Amino acid sequence: MSYSYQIKTQAEYDAAWKKSTENPGQFWAEIAAQFYWRKKWDIALDWNFAEPHVRWFLGGKLNITENCLDRHLADKANQPAIIWEPNNPEEAHRVLTYKQLHDKVCQFAHVLRNNGVKKGDRVCIYMGMIPELAVAVLACARVGAIHSVIFGGFSAQSIADRLIDAQAEFIITCDGAYRGAKDIPLKGVIDDALIGCRFVKKVIVFTRTRTPVSMIKGRDVWWEDEIRKVETQGLHEFEAEEMNSEDPLFILYTSGSTGKPKGVVHACAGYMIYTNYTFVNVFQYKPGDVHFCTADVGWITGHSYIVYGPLSAGATSLMFEGVPTWPDAGRFWEIVEKYKVNVLYTAPTAIRSLMGFGTGPIEGRDLSSLRVLGTVGEPINEEAWQWYFKHIGKEKCPIVDTWWQTETGGILISNLAGVTPAKAAFATLPLPGVDPVLVDENGKIIEGNNVSGNLCIRQPWPSIIRTTWGDHERCRVNYFATYPNLYFTGDGALRDENGMYRITGRVDDVLNVSGHRIGTAEVENALNMHAGVVESAVVGYPHDIKGQGIYAYIVYTGEHETEENLTRQDILQTVTRVIGAIAKPDKIQFVSGLPKTRSGKIMRRILRKIAEGELENIGDTSTLLDPAVVEEIKNGKL
Ligand code: WTA
């Protein structure tokens, strides 16, 4: 299938952008018309950002899986939909054609129905990166259940918090997951999470690692047994549930400025159309492309550019179970060569960490199939950009630096590979449908070029966040209340002399560690749970590989003078328990007090400067309750 809405020239981009911002409803309706609908919509767009209230394709009925699977069966039944590369290169890889994926999704949809899952139910998916994860996600969508995938690195406590928030009664997991040299006991973590979640009715467990697990009678069932039941029942095709355009497709939890993660809700139709459109345009999809997005499906990037974007376009999506550096740092290049990957989409963190191994692991690898390179998740520094361009793309592949967020569903700012210009370390220009503005602290829109400010978006695109699960007010306050009539991204950006955007990073208390979003308040909550911690403050600091590292200042009462490092280990263990290893601080400095204003507010600006090593330009400390504490902290800097 080729897509009439694929932009081929700068002039077409200019025209599309203009049209999309002048009349978004009409622009997107023409694109939406090229999808498979059970019933066409009545109203393309109805919105106001005050509530916020955003509805796309109202009155339309569809099922996203019919667009991702069924509609490709006519001409792509035998084309690979998913190629799966296991963690261990010695193990056989797997290929699922569109027909096979369709059949597996139908089968598992029957399993879900047999186990009581109905339209609108929340299903938590906590699995490793195996094809069955994609099958589980799509089967939920097929029955109309709302999936909520949780990244395999989150702790039992984090899972429990999310299960409670979503009131998820069903869980799909694995006995374990392989990641590099590690073997993660997923089912064991789920069991711990479920101690306080009695409302969970069913846990479906797929066998991956053969790690011993405990199966609770009446609650836990094996995926394989349930499939056998469906087979003996003679069930094959599963008639997809008819969904309204605005029915929720999934919830994905993400960190914000408060201690509690928010459940970002995306709706069926708008999400489908926008992820497809951006996939086709940003990566300049060509039929037959092998698309390798290295993200985990536990994050939005995996949802949009491993599962829904590529599959709705009929592409071949490569799913990799492992990590870039195990068994060695040549893993990505081996995979590119093995499957003749055309598009490689990864995170700056991965690039920086691979850069550290030099070009040795690349030598002798045939990377000539690569046509487009992409990055996502965090700002890419110029050095990493140049390395990627030169050593991986051999100066022939355009790099798309794609800026977007869990809340935006798909890519909002990026060049279109080979069509619109790239610029190192710049996300460049907005996609059609996206109208970015920069505002100052007072909310005044900053016009002109060569300026910087807080990045906002002026009108809705189809995959904008609809609500935060169970708490619409939180959605309003977080994204739509800071600046009236604008969606506030939480990011700072600059606009160069040509109107191109460079994202400079978060302007709120959210860190971006290895491309993962982590709220400082969440980490502080976890730290404060440790018995000896009186108070803590967490800030980010520049980290060569992770982009940002986590720096924690801790007021500690316990007795640690002789065993400071042991205390640190204990504290890290607490964070691992409460959130997961991804949130562990890189540095812990014990302090006798934190710099506070007279009203008791922690002056993070000062702590940030110290963590960044800017000891000279701390700024004004005269409003502090106890300015002396700053000297002490400076002297103790790690
Ligand atoms: C950051 C990931 C600079 C940004 C898709 C955003 C980026 C946050 C880029 C969202 C980029 C993402 N350049 N920064 N190309 N892409 N970010 O929700 O701070 O995990 O707000 O979504 O990552 O992270 P999230």
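Modeller: Before we start, a polar contact here is a pair of N or O atoms within 3.5 Å. Bear in mind, too, that this is a predicted model.

Colleague: Thanks! Which side chain has an N or O atom 2.7 Å from a nitrogen atom of the ligand?

Modeller: The cut-off for such a pair is 3.5 Å, and 2.7 Å falls within it. Thr 402, Thr 406, Asp 491 and Arg 506 are among the residues that come nearest to the ligand. The side chain you are asking about belongs to Asp 401.

Colleague: And how much of the ligand's accessible area does the protein cover?

Modeller: Let me add two other polar pairs to the picture. A backbone N or O atom of Pro 379 lies 3.4 Å from a ligand nitrogen, while a side-chain N or O atom of Arg 517 sits 2.8 Å from a ligand oxygen. On its own the ligand has 520 Å² of accessible area, and the protein covers 97%.

Colleague: Which elements give two or more residues to the shell around the ligand?

Modeller: The shell holds 17 residues. The elements that contribute at least two of them are helix 11 (300-313), strand 20 (399-402) and strand 26 (501-506).

Colleague: Turning to helix 1, what do its buried residues pack against?

Modeller: The buried ones are Tyr 13, Ala 16, Ser 20 and Thr 21. Viewed down the axis of helix 1, they fall within an arc of 120 degrees, so they line one face. Ala 11, Lys 18 and Glu 22, on the other side, are exposed. The buried residues pack against helix 2 (24-32) and helix 10 (268-282).

Definitions and conventions:
Residues numbered from 1 in each chain as written. Predicted model: local features only at pLDDT ≥ 70, side-chain atom pairs only at ≥ 80, totals over all residues. Heavy atoms only, no water. Buried < 20%, exposed > 50% of the residue type's maximum accessible area, 1.4 Å probe, protein only. Helix = DSSP H or I, 4+ residues; strand = E, 2+ residues; numbered from the N terminus. Arc of directions from axis to C-beta. Contact = heavy atoms within 4.5 Å. Near = heavy atom within 4 Å. Polar contact = N/O pair within 3.5 Å; in protein donor to acceptor, adjacent residues only side chain to side chain. Areas by Shrake-Rupley, 256 points an atom, 1.4 Å probe, with all protein chains shown as cover.
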